[in-house]
Amino acid sequence: MTHWKATWKVSQEWSEWKRTKWERSEKRLTVPPRFQKELQVHLSRSSSTESNDSLNTSTAEAHTVAPGSSAADVLELQSRIKELLSKYSSGVRLSKMPQIYREMYWEDLSTEVLYQLENWPHVCTVEKIHRGDPIDGFVYPAKKIPPAAKSDAEQEKASQNVASPKADPLLKPNMETTPASLSSDFKAKVVGILLKYSNGLWAHALPKVYQDTYQVKFPEDILNNLELLADVCVVDYVSEVPRKAILYAKPQKCIDENLNVTEKVKRHDSVKATAEQQYEESKDQYLENITVPSLIIPSEGSVSIMVLELKNTNEVLIRYVGKEYSSAQEQMEDEMKAYYNQTSTVSSAQSLSVGQLVAVHAEEDAWLRARIISLEDNRVKVYYVDHGFSEFVESNSVCRLQKQFRSLPFQAAKCKLAGLEAFCDDPVLVKAVESQTCFKIFAVEILEKSDTPLLVLYDTSGEDDININATCLKALYDKSLELHLQADTLYTNVIVTSVSSDGSLYCQVPSKGLSRLSEVLQKLEDYFIYKQTSEFNVLLPFCGKICLFPSKGKLARVEIKIIHTRRALDVQFMDSGTVATVKVSELKEIPPQFLREVIAIPPQALKCCLADLPPNTGMWTPDAVLWLRDAVINCPEFSMKVIKQDASKGIAHIYLFAPENFPDMDRSINRQIKNADLWKHQKDVFLSVAPSGTGFTKAVGDAVPALQLPSGKLEKSFPDSGREPGSAVSSMEMPPPLPLPKPGDLMDIYVSVACHPGHFVVQPWNELNNLYALMEEMILYYSRAEEKPVTIEKNKLYAAKIGDEWYRVIIKGILRNGFLSVYELDYGKHEFVSVGKVQPLLDTFRRLPFQAITAQLAGVKNQQWSEEASIVFRNLVEKKPFVAQIQAVNDSTNSWDRKIVTFLVDTSLPHIDTWIHDFVSQSLVEFSKGD
């Protein structure tokens, strides 16, 4: 995980401002009261444009909403549904709409809305599957319904109506009726009517209401071109018939401004231009035609995020860190600051609406992108779409968001934390996660890529990487079941469950938690007797996940520690401390009804170490570890005296006694192992630096070429090997040699190690799958095999555990303190390992040819490569695939001594092939100029 170290630097002042703003503002995006009630909307599909029988009947059938709802609520809801569907152009199941809506807007979508979506063709298109189920179907983005164009006859009739003495005298005679040609008094009268109908008014009912209210006939031709009223009301078309529409009053501020503009227009051309401009602004602000691309989850390289806020562990608000994310956002905000601070060209937004995207002048002279949540007098509540918090701002600090600032996706995104889903709303867990994560940067492992990705967070700021998910899960431990060892206290009936290679051991002490664990595991075993266990197979393993593992006929709790391959992983038994490599198929999920019980019990394995060993003991030798294991494992019980508790390391320093030896300190396990002759280490073997292939000079000192560690019976077999005793010693010395290409041939290769152009190691690309399969089998075999005495000889083949993997190696030298110098035959690396991590290499693991081929770059002069040139070359080729064009082959009896001279060609770009030797030559020229 160290390669995931966060590198993103955040300005101290900027971070402090954001933290202050967060603390000052509401930390959660609250749901307005109007959305806490279910929205109930019923549109009459049978009413026609000619039915004006009863105003009350028409409006009731047309648009009924819950008390407290307004036209603005409906418009905001419709706008959000349009935005949601724009991200799902191929359609969404109706039944999934509430879930997706909640994930996008953190608010609930009433099921009543789903029933009326088919009556909003201007918002969406609904396709039913079964008539019996109203919400069994799909919903798609709507095709825009343009207002029907007026025919010549209708225009002529409109002119006559305008000129008619019975028509409203407030309408100005004009050959072409435009929004500006309607007087402000006439529009004000229309607005006055619409304000009385907050739930909207059918367009075909407007003439009758207008005539009843003002005793003046309403010009019917306006119904054929309702866009004439677009500057003072919102026209909601529900079908292709122009009159089949619902009219809503716009916010009062917008109405007043539009009426004032109309009064000031003097010339017809100016009126037309102004009307067109207002219409375009209306489309942006009220129909939400502003499109911002969706955020793409990072797919390559290490990924880091900053946690902004969490509502629960299934809704964690984050920002991705990286060049195309946080860096691009900072650059955009710098550009916004430069643009909007030009007061001569930028002015405040003239009209605002809920859901509108805007630019907000925040503190510290910053400009941020935001979405309007609500409007209250001269104050506007906005949600900062890139920073994840909301606050109230003055309306004069809000400007239109220009197009150049809409290309970057919104940076505030949501995620779920893996392993915590079942307890996502638990207040104790949420508080623990919040205290551990908010406003901090983490490396992440992305388990599932979806609209709300599933993540594991890692804190890489310290010496050790910390799994945040697993750490926070400990907050659910039942405190009454925790056992804290006390200094100067004696504990009896102690069982030693595990001994590690560093001499530490794990113990179980009788306690309330241990009794509770036995009860819960017994219930689980009874449950699985009557259940098909295959349905509980672990499908998505990840580090920190708690599972069940059948061990010795019993179920045990394990935590996944390392994932080697799709089949093999390391687990630690939570209640014994043992670490083992197991198959993924052997793990079982904890049934949901038992999950909280299982998680609530703290681990029952307590980590301890023997106290008062001599300070010069140093590293534990294999002999000392084996002696301790033989002395304590499989013994029924011990007595234990705690000397001190090291809370920082979570380890207790103890004296351990067999029951019959307590309290005689001289007969304690501590004194017995200290007095035993177990701490002598082997001396170093110094190797010559002779060229490869000439062999090694004789060892200097008292070391012997063969080392028997430890003494024991060689005939003891590996478990599960199915072989006769002694068969572990291989009869097949070497695998078949890897066929090498001829000069001039092309070969697909992978560079596993690169020192400099004169020395790097390649692997044949077409054999990598076979190599991965071999290493997977080695992990599964050796991690389960019992440790076996090994005779160590130079220049012989073995299997060695390096890190968390097992490799085929050849011994190059025997060093001090039980260490060995080895060469990885498949990867070409030199490593140091302890003798205890070396095992015989079985015949079955010698069939695949060794994969590492030493190479030298062709096309460049062989020389003493500088550090700068070596670094450039390493960064350019290491751990990358290339096409190799072979220039020369130097064969040898030993596969690790063979060498090729080759050109490397990078073919990753679609139309350009890059020859690495050309790049290296150019770099050398640059370095020489610098010198």
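These legends go with a set of close-up views of a predicted model.

**View 1. The whole chain, before zooming in.**
We start with the predicted chain and its 931 residues, 49% of which count as buried. Helices number 21 and strands 39. Take the contacts between residues at least 6 apart in sequence, and 65% of them turn out to join residues at least 24 apart. The accessible surface adds up to about 46100 Å², with carbon and sulfur atoms accounting for 51% of that.

**View 2. A three-stranded open sheet, β4-β6-β5.**
Here 3 strands line up in the order β4-β6-β5, paired antiparallel, and the sheet is open. The edges are β4 (201-202) and β5 (233-237), each of them pairing on one side only. Look at the join between β4 and β6 (residues 245-249): the two run antiparallel and share 2 bridges. Trp202 sits opposite Ile246 of β6.

**View 3. Helix α8 lying across that sheet.**
Residues 184-196 make up α8, 13 residues in all. From first C-alpha to last, the helix reaches 19 Å, close to the 18 Å expected at 1.5 Å a residue. It lies across β4, β5 and β6, and runs at about 95° to β6. As for which side chains to pick out, the buried residues of α8 are Ser184, Phe186, Lys187, Val190, Val191, Ile193 and Leu194.

**View 4. Gln211 on helix α9.**
This one moves along to α9 (residues 206-214), where Gln211 lies. Gln211 counts as partly exposed because its relative accessible area is 41%, between the 20% and 50% cut-offs. Set aside the neighbours within four places in sequence, and Gln211 is in contact with Val216 and Lys217.

**View 5. Val292 in its loop.**
Val292 belongs to the loop between α11 (268-286) and β7 (303-312). With a relative accessible area of 17%, Val292 is buried, since the cut-off for that label is under 20%. What does Val292 touch, leaving aside neighbours within four places in sequence? Its contacts are Leu357, Arg369, Arg406, Leu408, Pro409 and Phe410.

**View 6. Val292 and Ser407, a long way along the chain.**
Staying with Val292, this view brings in Ser407, which is 115 residues away in sequence. In space, their C-alpha atoms are 6.0 Å apart. Arg406 and Leu408 can be shown here too, as both are among the contacts of Val292.

Notes:
Residues are numbered from 1 along each chain as its sequence is written. This is a predicted model: local features need pLDDT of at least 70, side-chain atom pairs count only at pLDDT 80 or more; totals for chains, interfaces and linings use all residues. Side-chain values use heavy atoms; hydrogens and water are left out. Helices (H or I, at least four residues) and strands (E, at least two) are DSSP runs, numbered from the N terminus. The expected span of a helix is 1.5 Å times one less than its number of residues. Buried means under 20% relative accessible area, exposed over 50%, partly exposed in between (1.4 Å probe, protein chains only). Two strands pair if DSSP finds at least two bridges between them. Contact means heavy atoms within 4.5 Å. Axes are lines fitted to C-alpha atoms, for helices over the stretch in contact, and angles run from 0 to 180 degrees between N-to-C directions. Accessible areas come from the Shrake-Rupley method with a 1.4 Å probe; for residues, only the protein chains shown count as cover.
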